[in-house]
Amino acid sequence: MIIRKQTRQIKIGHVPIGGNAPIAVQSMTNTDTRNIETTVAQVLKLETAGCEIIRVAVLDQEAASAIQSIRDQITIPLIADIHFDHRLAIASMENGAQGIRINPGNIGGETKLAKVIDAAKTHHVPIRVGVNSGSVEKDILAEFGHPTPEALVASAMRNVRLLEKHNFTDLKISIKSSDTLTTIDAYRLLSKECDYPLHLGVTEAGGLIAGTVKSSVALGMLLYEGIGDTFRISLTRDPVEEIRVCFELLRSLRIRERGPELISCPTCGRCQINLFGLAEKVEAYIQTIDTPLKIAVMGCVVNGPGEAKEADLGLAGGNGVGILFKKGKLYKKVAEEELYDVFIHELNLMTASRQKHI
Ligand code: SF4
């Protein structure tokens, strides 16, 4: 059983972070924020996929001004990501950003930071102190030699103290490294050091496979230890894929469930239907479904019926046919050509009846 570290709770828009709130799933747009139309289109796709908080990069005043119009067209809270220029942080909040991510150490000194804090207090906007390996201050690096876990924590806590000095505690912290083990150790240390909510992530994790593995190892271990209140899995891919990976990770740790769980076999010489094609189409289809269900798509009758029987809806391939199981009971035999359509039809009936009972 996971015993969650009790952190303070903050709110990004309507989404609570920390305390007993569900672990929130985030992503970041990769569009030009100044292009309102494409940014909104991407956020809406992410919302459909289950994204709960979105972050956008704010590189100039035009991007900060665009926030207002973007917010009018989306429903999830928006965080503005700012480096170096404190005026952009202030402008973002004036234009409706519900959270800002800054590195207080690179925002231009304490006077400018104080102005950002004043704006955050006025607009009731939490700040994420976002430290990563590349942003550790020179004197801390000199002390630790490298961006070690201890160095990351020292940098984060120095920045947190700066905010606290200005009586600002409406914050969360991230300390990201591209190294899996450094990430794990850094968050473990940080979690002992304070009770602010933590935003987890492995920075520059890589493409779909490498990024998924690195992030799942690091974040999976941390979440299993009860550390972390919100997270993003960074992938060099369409951010919609990040959301899919986030929810699979939460499901695998039995923390949160969203949509059907698909069990499918790798196939072997016994498989006599095109299972790859079928499983791929089913996997794509279920991304549109919120209802938690267990479905199985199996290649043959050796292990197939066993798994399929455990599922709410399952199929096991035969010679040019598929055998459908519903709630553990053999339901019917279907020709391979009709298998996808029949399976999806049954799935839709099942999700509709589930929704009625929720
Ligand atoms: Fe092979 Fe059948 Fe197992 Fe799939 S379910 S891996 S086809 S034995």
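Two strands are taken to pair if DSSP finds at least two bridges between them. In the predicted model, eight strands form an open sheet with parallel pairing, in the order β8-β7-β6-β5-β4-β3-β10-β9. The edges are occupied by β8 (171-176) and β9 (199-200), each of which has a single partner strand, so that one side of each is left without a neighbour in the sheet. Within this sheet, strand β3 (residues 24-28) and strand β4 (residues 53-57) pair in the parallel sense over three bridges, and glutamine 26 stands opposite isoleucine 53 in β4.

Strand β13 (residues 313-317) is mostly covered, five of its five residues being buried. Leu313, Leu315 and Gly317 point one way from the strand, whereas Gly314 and Ala316 point the other way. Strand β12 (residues 294-298) pairs with β13 in the parallel sense over four bridges, with valine 297 opposite leucine 315. The pairing of β13 with strand β14 (residues 321-326) is antiparallel and extends over five bridges; here the bridge partner of glycine 314 is phenylalanine 325. β13 and β14 form a hairpin with three residues between them, and glycine 320 in the turn has a positive phi of about 75°.

The ligand is surrounded by eleven residues, the closest being Cys265, Cys268, Arg270, Cys300 and Asn303. By residue class, this shell divides into six nonpolar, four polar and one charged.

On the surface, Ile209, Val213, Val217 and Met221 make a nonpolar patch of about 370 Å². Isoleucine 209 is found in helix α8 (residues 208-224) and counts as exposed because its relative accessibility is 68%, the cut-off for this class being over 50%.

Note on methods: Residues are numbered from 1 along each chain as its sequence is written. This is a predicted model: local features need pLDDT of at least 70, side-chain atom pairs count only at pLDDT 80 or more; totals for chains, interfaces and linings use all residues. Side-chain values use heavy atoms; hydrogens and water are left out. A residue is near a molecule or strand if one of its heavy atoms lies within 4 Å of it. Ala, Val, Leu, Ile, Met, Phe, Trp, Tyr, Cys and Pro count as nonpolar, Asp, Glu, Lys and Arg as charged, and the others, Gly among them, as polar. Helices (H or I, at least four residues) and strands (E, at least two) are DSSP runs, numbered from the N terminus. Patches are made of residues with over 30% relative accessible area and no salt bridge: like charges are joined within 9 Å, nonpolar side chains (Val, Leu, Ile, Met, Phe, Trp, Tyr) within 5 Å. Accessible areas come from the Shrake-Rupley method with a 1.4 Å probe; for residues, only the protein chains shown count as cover. A salt bridge is a side-chain nitrogen of Lys or Arg within 4 Å of a carboxyl oxygen of Asp or Glu. Buried means under 20% relative accessible area, exposed over 50%, partly exposed in between (1.4 Å probe, protein chains only).
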